[in-house]
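Biologist: Please show me the model. I want to ask how its labels are earned.

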Amino acid sequence: MGNSRAYPVLRTTDAGEAFRQARRLCALLRNVEGKVWLFAEPATVREVRDIAAIAPGPFDYARSRTDPATGDYLRFDLDVTALDDASLTEHLPLTFSEYVGRERVEAGILAALGDGMVSVEWHGRWPDDSDADWPSKYDGIQVVFHGDEAQTGDWTEEHTVFVHVTKWGDLPLAQELAAHIGSEVLGEAQLGW
């Protein structure tokens, strides 16, 4: 049990550059899973529709809502593709968090970006791991668009790339990976996935 340690290795205001560097690091992973974890908190109707186009699946309310009559917590269980813009606007803000086919996300995420926070996580295994035939729950790459925390945090102008390593941390590996993209570790290890 435990969580990975996530080291920030790139911060930039250029979403395309953050994505390119994350993909360069991802190329170093072995046994990269066929699905990526996608978290999105779209800020507009257009962003909801663009995320839904690459990641059909359930959205939920970003903040808890209750039924005024019963006090019960409400879940968002509507199909965002069936709602008109005005109806969808009434339900914002929404979130999406699911595993999605890697190719779909990689092909469409940059076009779907807007001002909302989005995180893409690639899981695999770093080549130096002794048990390289099996996926690792700790190894991987994450790019957070409009954020600087591996766990959902506050919105920022910047986009951050993280390398995830063992739950005990592995600063030398993180430094080696950062050097691969011409960067360095940009801060303390954060709690990862």
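What follows is a short exchange on a pocket and the strands around it.

Modeller: This is a predicted model, where local features need pLDDT of at least 70, side-chain atom pairs count only at pLDDT 80 or more, and totals for chains, interfaces and linings use all residues. Residues are numbered from 1 along each chain as its sequence is written, and side-chain values use heavy atoms, with hydrogens and water left out.

Biologist: What makes a set of grid points a pocket and not a cavity?

Modeller: The grid is 1 Å, over the protein atoms alone. In a cavity a 1.4 Å probe fits but cannot get out; a pocket is an open set with protein on both sides within 12 Å along at least five of seven lines. The largest pocket holds about 180 Å³. Of its 15 lining residues, Glu 121, Gln 142, Ala 150, Gln 151 and Thr 152 are the closest to its centre. Lining means an atom within 4 Å of a point.

Biologist: Which strand gives the most to that lining?

Modeller: Strand 5, with 3 residues. Strands are DSSP runs of E, at least two residues.

Biologist: Why is strand 5 called mostly covered?

Modeller: Buried means under 20% relative accessible area (1.4 Å probe, protein chains only). In strand 5, 7 of 7 residues meet that, so the label holds.

Biologist: How do you know that strand 5 pairs with strand 2 and strand 6?

Modeller: Pairing needs at least two DSSP bridges. Strand 2 and strand 5 have 5, antiparallel. Strand 5 and strand 6 have 6, also antiparallel. Therefore both count as pairs. Phe 39 stands opposite Ser 119 in strand 5.

Definitions and conventions:
Points joined across faces, edges and corners; volume = space filled by probe spheres on them. Helix = DSSP H or I, 4+ residues; strand = E, 2+ residues; numbered from the N terminus. Buried < 20%, exposed > 50% of the residue type's maximum accessible area, 1.4 Å probe, protein only.
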